[in-house]
Amino acid sequence: MAGRIILGILLALALLLAALLTVPVKLRFSYEDGAPQLWVRYGPVRRQIFPAPEKEEKSSSKKEKTKKKKKPSKKKKENPAKKKAGINREQILYTLEKLPPILGRALRRTGRSIRVQPLKVHVLVAGRDPADTALLYGQLEAALHGALPLLERAVWIKEQDIRLFLDFSVREADVIADVGVSLRPGSLVWIALRAGGSLLKWFLGFRKLASPPPKEADGKPDQTANEENSEHEAV
């Protein structure tokens, strides 16, 4: 009797695990204005993975109590919004070199079970040197025409919108991306085993190559202004 109960429990757990494995995992990645975001959805559960969501604030009643206890303090100056770093030439070249082999390993044996919807990538190719900018644009065009047909044969793609824009009047490149991927948990585990470490390494290297955001003025005269004032006083 006990053996039948244990066998029934194990069978129920096996059926539950099989049902969970049939539910697809949906990943949604977006990049705009230098801010990457990654969302994961499994069934009705949806959670933001990157950047990490901020902790929920305490209830309003607790806030009011703490406000009453605290003494009034001087108002602090509001900090200006930080400018985010943009995409530069080194990041684009690094991605062209490192990412295609990683994706090739990740899609091996699991490609046709993966659905990509949407696939929106808009790249603004720009730089300080017009010759280097034109060369980079040509490299991106060649890589796109070579890799896109292979990707279309490897995975199922819908709502595809990939564009390249060349602009010599802008000094910094930029990217707008919105990519959704749906795959089975088994395929996700396989990809993590095959290329998870390489993808993480590529992402860390990509962030390391990011250009620092432009510094804002602190209200103090800069060096050039000081030099101009000294020259004016001398005259």
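Let me start at Glu159, which sits in the loop between strand 5 (156–157) and strand 6 (160–166). In this predicted model, Glu159 carries a positive phi of about 60° although it is not a glycine, and its relative accessible area of 49% makes the residue partly exposed.

From there I turn to the strand pairing, where strand 7, residues 174–183, is paired with strand 1, residues 25–32, in the antiparallel sense over 7 bridges, with Tyr31 having Ala177 as its bridge partner in strand 7. Strand 7 also pairs in the antiparallel sense with strand 4, residues 115–125, here over 8 bridges, and within that pairing Lys120 has Asp178 as its bridge partner.

Strand 4 brings us to the largest nonpolar core, which has 26 residues, and of these Val116 and Leu140 touch the most other members. At least two residues of this core come from each of helix 3 (89–107), strand 4, helix 4 (130–154), strand 7 and helix 5 (185–208), while the largest share, 5 residues, is supplied by helix 3. If we set aside its neighbours within four places in sequence, Val116 is in contact with Val155, Trp156, Ile157, Lys158, Val179, Gly180 and Val181.

Finally, the cis peptide bonds, which deserve a look in the backbone. One is the bond from Gln117 to Pro118, with omega near 0°, and Pro118 has its place in strand 4. Another joins Phe50 and Pro51, with omega about -5°, and there Pro51 lies in the loop between strand 3 (45–50) and helix 2 (60–69).

Technical notes:
Residues are numbered from 1 along each chain as its sequence is written. This is a predicted model: local features need pLDDT of at least 70, side-chain atom pairs count only at pLDDT 80 or more; totals for chains, interfaces and linings use all residues. Side-chain values use heavy atoms; hydrogens and water are left out. Two strands pair if DSSP finds at least two bridges between them. Helices (H or I, at least four residues) and strands (E, at least two) are DSSP runs, numbered from the N terminus. A nonpolar core is a set of buried Ala, Val, Leu, Ile, Met, Phe, Trp, Tyr and Cys residues joined through side-chain atoms within 4.5 Å. Buried means under 20% relative accessible area, exposed over 50%, partly exposed in between (1.4 Å probe, protein chains only). Contact means heavy atoms within 4.5 Å.
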